[in-house]
Amino acid sequence: GRQIFQPLHTLRNAEKELLPGFHQFEWQPALKNVSSSWDVGIIDGLSGWTTFVEDVPADTISRRFRYDVALVSALKDLEEDIMEGLRERGLDDSICTSGFTVVVKESCDGMGDVSEKHGNGPAVPEKAVRFSFTVMSISIRVEGEDDGITIFQEPKPNSELSCRPLCLMFVDESDHETLTAILGPVVAERKAMMESRLIISVGGLLRSFRFFFRGTGYDEKMVREMEGLEASGSTYVCTLCDSTRAEASQNMVLHSITRSHDENLERYEIWRKNPYSESADELRDRVKGVSAKPFMETLPTLDALHCDIGNATEFYKIFQDEIGEVYQRSNPSREERRRWRSTLDKQLRNKLKLKPVMRMNGNYARRLMTREAVEVVCELIPSEDRREALQRLMELYVQMKPVWRSTCPSRDCPDQLCRYSYNSQQFADLLSTTFKYRYDGKITNYLHKTLAHVPEIVERDGSIGAWASEGNESGNKLFRRFRKMNARQSKTFELEDVLKHHWL
C-alpha cells in the first residue's frame, strides 16, 4: 500500500481540488450575512472574536470550513454517484437541472482527554469537540411526480469515511459559552442555507440543490446542552417528551414525542419572563425543565451507541442485585454490593473473557447484552424463578435491539420491528413486577427512550441506527491519530492540519 497521508508541504494541486474552497458555486438568493466568495479554505473558528477566552489565545482554539463551502465540496465528491443515480433511474440528465434535495445529518460530540503533544505554544484545554456532517441522501422531484426520486443514498451512514469534519475546536463540551460562540456562525450559516438554493455545476450542467439539515448525531448530553434542557440527572428524564422520571417509571411504554426546538424556544421565553408570576417550582414545571436558551436545532432521536451503553450499565446493575437477591431485602451495605460486583466480574472474566472496565464502553456493552452472558450470570443465581425472569428479560432485549441498531429496520428485521411495541410492553411489565425494587419511581433516561420512543422514531425517520452518532465517534479515533502523526507541532497550525487530513 502506498502511503496516502503525505506531509503537508507535499499536498499537490490534485489534493487541492478535494478540499473545500476549490469549486465555484453561488446561492440564489445570496446567503444572508455570509460572504459570497467561494474560494474559502480553512478559517479560524472564532472569526470575528477579538476577546481572549481565559487567556487561551483565541486563534489557536478552533478551525473550521465555511459550511456552504464544505457542502459544495462534499457534493462535488459525489458528482459521479449523482450522475450514476440519474442514469439508473432512467432520467435524462440534461433536463434534471433543478429540484434536487439533499438531506444532511449533523453530528457533534465532545472528546475527553486529547492529551497534549509536546509542542510549543499556549496551553489549551485537554478536551476537543468535533462538529461534522454526512450527506445522507439526494433526491430529485420530477415534474408531474409527487414524491421525490432518490438518486443517492449513503450506503454506510456510520462509517468515518462518509462523516465530514466541519469544525474542530479545543473546548470542553460543558463550556457552554465557548461552544456556542464557536458554533454560532455555523448555526447562522445553516439557517441562511435553508432559505436559499445552491447552484453548482454537476456533470457539466448548472443544477440547483436545496438542503435539509437533521441534527441527529448528538448524544443526550449534547442535545440537552444545545436545546437548553437541564442536565441528564434532571427529573425531566427525556429529550423527546415531557415525562418526569417518576411518571416514566410508572408508565414505561406509552409516551409520544412532544418536544421540539420551537417549543423549547417558547418555553425558554416563559422561563425568562415568568408571565404568570409563579414560584420557581411551578415555573419549572410549566417549562418542563427548559432553563437555558436553546441554541441549535437538533432533531431529538435516540443515540443508538449510548443507548447500548446505558442499557448495558443498567443490566449490569440488575445482575449484581440478582446475585445478592436484593428483591428479598432492603438497602444492602456498600461492602455487600462490592462483593457481588467482584463475584460478577470474576464470573464474566472466567466464562466470557470479559475484563472489568472502568467506564462501560460500546464493546463491553455489546458482549454483555447477549444470551450467553445471561446464562453465565444465571449460574450465580440460586432461585429458579429469578433465573427465568432474567433470561426472559434478556430474550426480549435481544429481540428489541436490532430495531434501533440497524440502518434500515424495515428491510433488515421487519418482524422485530412489528413486534417492538409488544416486546417493549412485555419488558416493561417484567421490570415493574419482578424487578420492581429497581424501578420504583426511577428509571434511566435511555431505558425510558428504548421502551417508549423507538417505534415512533423509526416511523418518523425510517431508522435510528443510520442517524446515530457512530460515524462521528469513529472519526474521533482518526482525530487522535492525525493529531499525533500528521500535524505540525505548533498550536496555530495543528487543528488546520488535522482538519485537512481528516477531510481527505
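Which residue just after α7 takes a positive phi? Keep that in mind while you click along; the model you have open is a predicted one.

**Stop one: helix α7.** Select residues 261-273, which make up helix α7. Put a distance between the C-alpha atoms at its two ends and you should get 19 Å. That agrees with expectation, because 13 residues at 1.5 Å a residue should span 18 Å.

Now color H261, N264, R267 and Y268, the buried residues of α7. Turn the view so you look down the axis of α7: these buried residues fall within an arc of 115°, so they line one face of the helix. What sits on top of them? Show residues 280-287 as well, since α8 is part of what covers the buried residues of α7.

Flip to the face of α7 turned away from that buried side, and pick out E266 and K273, which are exposed there.

**Stop two: just past the helix.** Step on to N274, and you have the residue from the opening question: its phi is positive, at about 45°.

**Stop three: α15 and α16.** Hide the rest and select residues 414-433 (helix α15) together with residues 445-452 (helix α16). Their axes come within 8 Å and cross at roughly 135°, which makes α15 oblique to α16.

To see where they touch, show side chains for Y420, S424, F427, A428 and L431 on α15, then L447, T450 and L451 on α16. How many nonpolar, polar and charged residues does this contact have? Sorted by class, there are six nonpolar and two polar residues, with no charged ones.

Terms used:
Residues are numbered from 1 along each chain as its sequence is written. This is a predicted model: local features need pLDDT of at least 70, side-chain atom pairs count only at pLDDT 80 or more; totals for chains, interfaces and linings use all residues. Side-chain values use heavy atoms; hydrogens and water are left out. Helices (H or I, at least four residues) and strands (E, at least two) are DSSP runs, numbered from the N terminus. The expected span of a helix is 1.5 Å times one less than its number of residues. Buried means under 20% relative accessible area, exposed over 50%, partly exposed in between (1.4 Å probe, protein chains only). The arc is that of the directions from the helix axis to the C-beta atoms. Contact means heavy atoms within 4.5 Å. Axes are lines fitted to C-alpha atoms, for helices over the stretch in contact, and angles run from 0 to 180 degrees between N-to-C directions. Angles under 35 degrees count as roughly parallel, over 145 as roughly antiparallel, 65 to 115 as roughly perpendicular and the rest as oblique. Ala, Val, Leu, Ile, Met, Phe, Trp, Tyr, Cys and Pro count as nonpolar, Asp, Glu, Lys and Arg as charged, and the others, Gly among them, as polar.
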